[in-house]
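User: I'd love a close look at one part of this model, the interior and what borders it. Please take me through it step by step.

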Amino acid sequence: MQRVVAGLERGGARMRHRNAEVCIAVMGSTRDAVAMAVSLQREVGATVGPPLGLGIAVVVEEVARGAAGAAPSEVSAASVLAGLAGAGEVLATAMVRDLSGLGTDGFEPLESEAVPEDLGQVYRVVWGPSEPRELRVVVADDAPLIRAGVVQLLESAGFVVTGE
């Protein structure tokens with residue numbers, strides 16, 4: 001749980017509730033919350049992995065002032081979804097999907113009898129291990145010999161030289 005809390009705090013989340021099993025945090029936007037959830041899954045999944053992985057719920061809720069110490073029972077949608085999320089899953093409400101600005105491609109409907117009707121449609125956030133991105137560079141130097149040497153060094157380090 002310490003790694004999860006540290007990851008949330010690095011991502012700018014404000015902690016609302018935390019115990020040995022549940023951590024509820026507030027993010028500035030739904031897009032940030034979904035990105036943080038996927039980032040945490042990648043980080044935890046790489047080191048812990050199923051079946052001890054992490055289940056994450058992303059919800060949008062209006063919180064009354066003074067509820068900063070709200071317990072999970074007071075944050076019903078978050079606690080219900082967190083309980084439904086299996087190891088390695090990120091679950092989100094329809095409102096999160098709609099407000100995230102990420103479109104519908106990254107979300108698939110969760111078909112489960114365990115989802116209460118008052119939550120509406122719940123979605124599984126589709127994510128996978130991050131794939132290393134190809135780094136592309138353009139090399140510019142007046143001296144052809146130096147330019148050729150720099151290109152060779154960059155290519156041997158895994159960069160794709162797209163222009164000289």
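Analyst:
**From the first helix into the core**

Let's start on the outward side of helix α1, where Gln2 and Arg10 are exposed. Please keep in mind that this is a predicted model. Turning to the opposite side, the buried residues of α1, which spans residues 2-10, are Val4, Val5, Gly7 and Leu8. These four lie on the same side of the helix because they cover an arc of only 160° around its axis. The general background is that an α-helix has 3.6 residues a turn, so residues three or four places apart point the same way. After α1 comes glycine 12, with a positive phi near 90°.

Now to the interior itself. The largest nonpolar core holds 19 residues, and Leu40, Ile56, Val58 and Val125 have the most contacts inside it. At least two residues of this core come from each of α1, α2 (30-47), β3 (56-58), β4 (90-93) and β6 (122-125). Helix α2 gives the most, with 6 residues. Such grouping fits a general tendency: in soluble globular proteins, nonpolar side chains tend to be buried together.

Valine 58 is a good residue to click on here. Setting aside neighbours within four places in sequence, valine 58 contacts Ala33, Val34 and Ala37, then Leu81, and further along Val90, Leu91, Ala92, Thr93 and Val96. Another core, of 8 residues, lies apart from the largest one, and its members include Ala77, Leu110, Val115 and Leu119.

Back in helix α2, have a look at threonine 30. Is threonine 30 buried or exposed? Its relative accessibility is 14%, and the cut-off for buried is under 20%, so threonine 30 counts as buried. A polar atom of the threonine 30 side chain lies 3.2 Å from the backbone nitrogen of serine 100. Beyond its neighbours within four places in sequence, threonine 30 is in contact with Val60, Val96 and Leu99 as well as Ser100.

Last stop: the aromatic rings. The count comes to 1 aromatic pair. Phenylalanine 107 and tyrosine 123 make up this pair, edge-to-face, with 6.5 Å from centre to centre and 85° between the planes. Phenylalanine 107 sits in strand β5 (residues 107-109) and tyrosine 123 in strand β6, so the pair ties together parts that are 16 residues apart in sequence. Both phenylalanine 107 and tyrosine 123 are buried. Strand β6 is therefore worth a second look, as it holds tyrosine 123 of this pair and also supplies at least two residues of the largest core.

Conventions: Residues are numbered from 1 along each chain as its sequence is written. This is a predicted model: local features need pLDDT of at least 70, side-chain atom pairs count only at pLDDT 80 or more; totals for chains, interfaces and linings use all residues. Side-chain values use heavy atoms; hydrogens and water are left out. Buried means under 20% relative accessible area, exposed over 50%, partly exposed in between (1.4 Å probe, protein chains only). The arc is that of the directions from the helix axis to the C-beta atoms. A nonpolar core is a set of buried Ala, Val, Leu, Ile, Met, Phe, Trp, Tyr and Cys residues joined through side-chain atoms within 4.5 Å. Contact means heavy atoms within 4.5 Å. A polar contact is a pair of N or O atoms within 3.5 Å; within protein, one must be able to donate a hydrogen and the other to accept it, and residues adjacent in sequence count only if both atoms are side-chain atoms. Rings of Phe, Tyr and Trp (its six-membered ring) pair if their centres lie within 6.5 Å; planes under 30 degrees apart count as stacked, over 60 as edge-to-face and the rest as tilted.
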